[in-house]
Amino acid sequence: MVTAIKERTTVEVTVQSKSEFQPENILTVNNLEVFYGEKRAVNGISMIVEKNAVTALIGPSGCGKSTFLRSINRMNDLIPGASAKGEIVYEGLNILSDDINVVALRKEIGMVFQKPNPFPKSIYENITHALKFAGIKKKSLLDEIVEESLKKAALWDEVKDRLDKSAYSLSGGQQQRLCIARTIAMKPTVILLDEPSSALDPISNAKIEDLIVKLKKDYSIMIVTHNMQQASRVSDKTAFFLSGDLIEYDHTEKIFTNPSVKKTEEYISGRFG
Amino acid sequence: MKSKTADRIATAVFVVIAIMITAILAGLFFYIFIKGFKYISFDFLTSPSSNVRAGGGIRDQLFNSFYVLFITMLITVPIGAGGGIYMAEYAKPGKVTDFIRTCIEVLSSLPSIVIGMFGLLVFVNTTGWGYTILGGALALTVFNLPTMVRTTEDALRAVPRDLKEASLALGVTHWHTIKTVMLPAAFPSILTGAILAAGRVFGEAAALLFTAGLSTPRLDYSNWNPFSEQSPLNIFRPAETLAVHIWSVNTQGLIPDVEAVSSGSAAVLVISILIFNLAARLLGSFIHKRVTATK
Amino acid sequence: MMEKLLLPAKDRLLKSKSSRLDGEFRGKLIVLLCAAIMISATIAITIFLGTKGLQSFTKNGISFIEFLTSTKWNPTDKANPAYGVLPFIFGSFAVTFLSALIAAPLGIGGAIFMTEIAPSWGRKILQPVVELLVGIPSVVYGFIGLTVLVPFIREHAGGLGFSLLSGTIVLAIMILPTITTIATDAMSSLPNHLREGSYALGATRWQTIRKVLVPAALPSLLTAIILGMARAFGEALAVQMVIGNVRDMPSSILDASATLTTIITLNMGHTTYGSVENNTLWSMGLILLIMSFAFILLIRYLSSRRKLR
């Protein structure tokens with residue numbers, strides 16, 4: 001893991017980005033390449049991610065969109081042999097650099113996964129797990145944050161009477177909202193969602209979508225999805241990936257009504273993927 | 001037709017083998033319990049053993065067995081768990097990891113008599129302690145450590161990757177994730193493995209012959225000062241365990257009731273190990289249910 | 001968190017000395033040390049037993065060749081001591097091979113019973129049986145061997161009862177669960193299409209087992225036997241209690257005999273530490289250590305062959 005990072009940083013990456021810092025953009029991706037061993041999964045993509053907007057990443061399975069998403073909070077570090085080149089600029093810093101404190105980075109760029117993955121602990125402890133590690137020990141403050149995050153995740157009313165119950169007693173949709181709540185509790189700036197509702201029923205799905213739209217007021221959101229309708233409903237901008245390339249990136253409305261690349265149109269109209 | 005007959009004969013042979021294996025176990029258990037039970041009495045369990053006269057008990061040996069086991073687990077569990085965490089979570093593929101794996105393999109396949117000799121050389125002679133409980137426990141640690149490392153490593157690897165990623169994605173360090181998420185999730189399997197290992201340690205004798213010794217000083221069970229010579233808790237005293245006792249009365253004992261003492265001891269030993277195995281299973285599944293239960 | 005908006009990105013996100021102190025480094029160091037204990041224990045055992053085991057040759061001047069090839073063992077003879085351990089080496093190998101000869105067919109047969117003949121109920125019965133057999137301590141095996149097997153052989157086969165045969169039988173029962181467990185894993189990890197393919201060709205179950213399954217699992221089955229043999233070679237107390245422990249080469253399976261482990265067990269306590277006789281015991285221990293390495297190498301060789309397939 002560490003050796004992989006070293007290789008890429010010493011040669012390719014410096015932590016201070018040369019590109020100009022623009023406050024309305026939260027992330028700037030410059031020529032990002034991601035490798036799993038010898039295999040290249042993302043082929044030098046560049047894009048700018050807007051602040052307080054929902055950016056959807058679409059494309060067929062294996063197109064590199066999840067890999068891309070996982071690079072943004074360095075979750076790919078966990079995969080043996082994975083490495084990345086290029087830049088992902090966040091607040092003027094290239095977060096791919098070896099000098100980045102990954103633990104601090106992940107507090108600001110949170111992630112919610114495809115399958116709801118609550119800890120086998122109580123609902124309350126699911127939210128306080130990371131807060132306590134971050135040094136918040138005061139019970140009153142913890143209580144406050146738990147309530148606030150559960151409210152933001154539209155889960156408070158359903159669980160407020162049973163915060164000490166196991167998170168496994170919740171339904172799948174509730175579990176996923178709990179996972180969103182515990183991410184919110186860390187007060188991140190960016191939330192990455194990796195197909196957050198693909199494992200859920202339609203009603204839970206609708207709740208999650210509502211939630212995403214509400215959350216963009218406070219956070220910048222990137223969502224990987226297989227569901228075209230979901231992308232068109234929740235996102236402001238959409239990026240279409242194919243075989244590790246970024247084919248088209250534009251306003252969602254434009255992508256879904258009048259895409260400029262033929263491949264995009266074919267994918268959206270369901271001709272492949 | 002011929003191949004059909006051959007098939008039937010072969011099937012019969014395999015069934016006979018299975019019956020034989022089962023019969024061996026049944027025979028052994030039958031013998032141990034039938035012969036041993038009649039010698040087990042309160043008196044047998046609570047009176048000290050005798051070197052020359054008949055009618056000795058196994059009080060000290062029984063205590064020593066549990067005490068040596070306790071000290072061994074006290075040393076083995078933290079080190080073994082630490083080694084297991086390293087192997088499961090931090091070890092990178094490469095020469096060092098391969099070498100550690102080779103070492104674990106070597107340690108786990110060493111004959112226990114060889115480990116006993118190593119213990120004699122290092123923990124008895126080099127340190128100048130003589131035969132001690134601590135020396136015995138350290139020898140048993142060498143013997144037990146590979147099992148503990150493997151148990152922990154397997155248990156951690158079986159924890160769903162989701163849970164680990166969930167914690168890391170929240171900006172929690174790897175180490176804190178291991179401590180607060182992965183170890184609790186792996187705990188039932190580690191506990192089961194540890195108790196099973198304890199059963200193995202409990203019955204071990206060869207590694208203890210030359211390390212904890214073949215004798216026990218006169219013990220005063222009301223003396224709880226671990227530094228006192230007569231205290232049962234003193235870890236720098238020699239201690240003959242139950243398994244060693246069975247061996248020593250049979251090979252060098254002078255007591256006339258060898259068979260009674262060893263039958264009784266063997267039954268106690270096997271029953272204890274059965275309890276360990278049963279406890280491991282029950283406790284493991286009980287905790288597993290509690291951890292994953294929908295309360 | 002709260003303060004993050006006040007701090008510039010550099011101070012929040014770059015590695016600093018304080019971020020190294022967040023417990024990660026310390027935790028990793030602790031578990032690394034635990035893993036390092038394994039290395040140091042292995043190296044310490046090799047070095048300590050290696051140097052000590054060589055002392056009888058380096059310090060006491062015993063001929064290495066004579067030690068390994070002479071059948072005369074008489075270390076207590078003041079005038080003309082003899083230090084030939086061949087009878088014990090022979091005894092060790094004899095009980096190891098003979099017990100494997102008994103346990104291998106039974107163990108592999110039991111494995112085939114569990115995986116091929118009665119995979120559902122047979123396994124449910126035999127698996128716990130095997131696990132319970134593992135749990136019985138070796139001194140208990142030795143004790144039962146001493147009180148049941150030795151008299152039985154004395155009455156029905158002749159001789160003293162304390163014999164190579166007694167040692168062999170006790171060891172065979174002791175290594176049976178080892179062989180059975182590993183052989184069962186090997187058989188049950190065979191892909192199902194092997195069975196289906198063979199049955200589809202009209203082969204009977206026995207033909208499938210003999211011509212398809214056993215050859216396919218052969219390296220793993222051999223590993224099972226080798227592991228059993230390694231256990232038999234190193235077992236001390238159970239054998240010591242039934243084999244008779246005489247210093248002469250056995251001429252028949254009913255003769256009393258001795259192995260490296262039994263001589264060590266018996267004499268380590270009786271001899272003075274540092275004496276020549278005591279040192280030869282350490283040399284025998286070194287042989288055990290080297291054999292244990294040899295068994296590992298053999299198993300590695302087999303598993304590399306398994307991967308090639």
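In which helix of chain A is A:E265 found? Select that residue to start the tour, keeping in mind that the model is predicted: A:E265 belongs to helix α11, which covers residues 262–268 of chain A. With 16 other C-beta atoms within 10 Å, A:E265 counts as partly exposed, because this number falls between the 12 or fewer of an exposed residue and the 20 or more of a buried one. Now add A:R162 to the selection and draw a line between the two C-alpha atoms, which are 47 Å apart in space, while A:E265 and A:R162 are separated by 103 residues in sequence.

Next, turn to the place where chain A touches chain B, and select the 26 residues of chain A and the 22 residues of chain B that make up this contact. On the chain A side, colour α3 (102–108), β6 (109–112), α4 (123–133) and α7 (172–185), each of which supplies at least two residues; the largest share comes from α3(A), with four residues. If you then colour this side of chain A by residue class, you will find 14 nonpolar, seven polar and five charged residues.

Finally, move to the contact between chain C and chain B, where 65 residues of chain C meet 67 residues of chain B. Select helix α3 of chain C, residues 24–58, which gives the most to the side of chain C that touches chain B, contributing 17 residues. Coloured by class, that side of chain C shows 43 nonpolar residues, together with 17 polar and five charged ones.

Note on methods: Residues are numbered from 1 along each chain as its sequence is written. Chains are lettered from A and ligands numbered from 1 in the order in which they are written. This is a predicted model: local features need pLDDT of at least 70, side-chain atom pairs count only at pLDDT 80 or more; totals for chains, interfaces and linings use all residues. Two residues are in contact if their C-beta atoms, placed from the backbone, lie within 7 Å. Ala, Val, Leu, Ile, Met, Phe, Trp, Tyr, Cys and Pro count as nonpolar, Asp, Glu, Lys and Arg as charged, and the others, Gly among them, as polar.
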